[in-house]
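Trainee: Could you take me through one part of this model slowly, namely how its helices pack against one another? I would like to follow each step of the reasoning.

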Amino acid sequence: KTKKSTPNKTTKTPLHKSLESPSPPIKKKSKNRIIVPNEFIRCDLDIIITLINRMLISLIKLNDNNNTTNINTSTPLPPPPTRFHSKTPPAISIFSYINRLTKFNNLKSNGLITMIYYIDILSYMYPHFQLNSWTIHRFLLVATMISQKAMEDYFYTNDHYAKVGGVSLEELNCLELDFLKRIDWRTIPINNPNVQQLYYNKLVE
């Protein structure tokens, strides 16, 4: 019998190995770990969304529990309402909502991480505001919209953002103006140009 000759297999070099950079690979998966790059700008957008979702879930769970007024019940009650409050927590999950906003608004990593900066500045300048099951969706919609307008050259109309976010245009306009006034129009963290990297570092800790 004559053995069939097999063609030589060509080994493809991964993209991250072909680039001369000291950064680690963009993504490697083991059983329960994901290795991410040191710089947020090199991190896969899906991983950034996962990290942000994990942080938000933890924060909201804590705030919801703190808002429970009756120690004999596990049902959390909302704090005094703000413009960001929904009458009831929306049915769509935080993860699905962030993915929807990212997909249809073409959000980038810098805008998503800047949104985390807005959590801190809004909470500091507006003590009545708290991220919980009633406020998270409206906050995400307005914060990602404003971060995109502030950080990118291209962005959409408010009518587009309203349709993607599931609110009326009038409501979104009011939310945007209220948000900007609350943060004193400080949409770009100019005092610390590395603030996005710092927040990214916190997310991956």
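Mentor: In this predicted model, helix H3, which covers residues 94-105, packs against helix H5, residues 136-151, at an angle of about 25°. Angles under 35 degrees count as roughly parallel, and H3 and H5 are therefore roughly parallel to each other. Their axes lie 11 Å apart, and the crossing that the two helices make is right-handed. If you look for the residues that meet there, H3 contributes Ile94, Tyr97, Ile98, Leu101 and Asn105, while H5 contributes Ile136, His137, Leu140, Leu141, Thr144 and Gln148. Sorted by character, the residues of this contact comprise seven nonpolar and four polar ones, with no charged residue among them.

Now follow the chain onward from H3 into the loop that leads to H4, where you will find Asn106. Asn106 has a positive phi of about 55°, although it is not a glycine. With a relative accessible area of 38%, Asn106 is partly exposed.

Beyond that loop comes helix H4, which spans residues 109-125 and includes Ser109. Buried means under 20% relative accessible area, so Ser109, with a value of 11%, is buried. Leaving aside residues up to four places away in sequence, Ser109 touches Phe40, Ile41, Leu45 and Ile48.

H4 also takes part in a second helix pair, this time with helix H8, residues 195-204, and here the axes come within 9 Å and cross at roughly 85°. Because angles of 65 to 115 degrees count as roughly perpendicular, H4 is described as roughly perpendicular to H8. On the H4 side the contact is made by Asn110, Ile113, Thr114, Ile116, Tyr117 and Asp120, and on the H8 side by Val195, Gln196, Tyr199, Tyr200 and Leu203. The residues of this contact of H4 with H8 divide into seven nonpolar, three polar and one charged.

If you step back along the chain from H8, the loop between helix H7 (169-182) and H8 holds Asp184. Asp184 is a residue other than glycine with a positive phi, a value near 60°, and at 47% relative accessibility it counts as partly exposed. Another aspartate, Asp159, sits in helix H6, residues 158-165, and at 34% relative accessibility Asp159 too counts as partly exposed. Asp159 and Glu170 are eleven residues apart along the chain, and their C-alpha atoms are separated by 9.1 Å.

To place these parts in the whole, it helps to know that the protein chain has eight helices and two strands, and that from the N terminus on its elements run α-β-β-α-α-α-α-α-α-α. Of the 205 residues of the protein chain, 40% count as buried. Among contacts between residues at least 6 apart in sequence, 73% join residues at least 24 apart.

Last, a word on the cysteines: Cys43 is buried, with a relative accessible area of 7%, whereas Cys174 is partly exposed, with a relative accessible area of 38%. Counting as a disulfide a pair of cysteine sulfur atoms within 2.5 Å, the count comes to zero disulfides.

Conventions. Residues numbered from 1 in each chain as written. Predicted model: local features only at pLDDT ≥ 70, side-chain atom pairs only at ≥ 80, totals over all residues. Heavy atoms only, no water. Axes fitted to C-alpha atoms, helices over the stretch in contact; angles between N-to-C directions. Helix = DSSP H or I, 4+ residues; strand = E, 2+ residues; numbered from the N terminus. Parallel < 35°, antiparallel > 145°, perpendicular 65-115°, else oblique. Left-handed = near helix turned anticlockwise from the far one by under 90°. Contact = heavy atoms within 4.5 Å. Nonpolar A, V, L, I, M, F, W, Y, C, P; charged D, E, K, R; others polar. Buried < 20%, exposed > 50% of the residue type's maximum accessible area, 1.4 Å probe, protein only.
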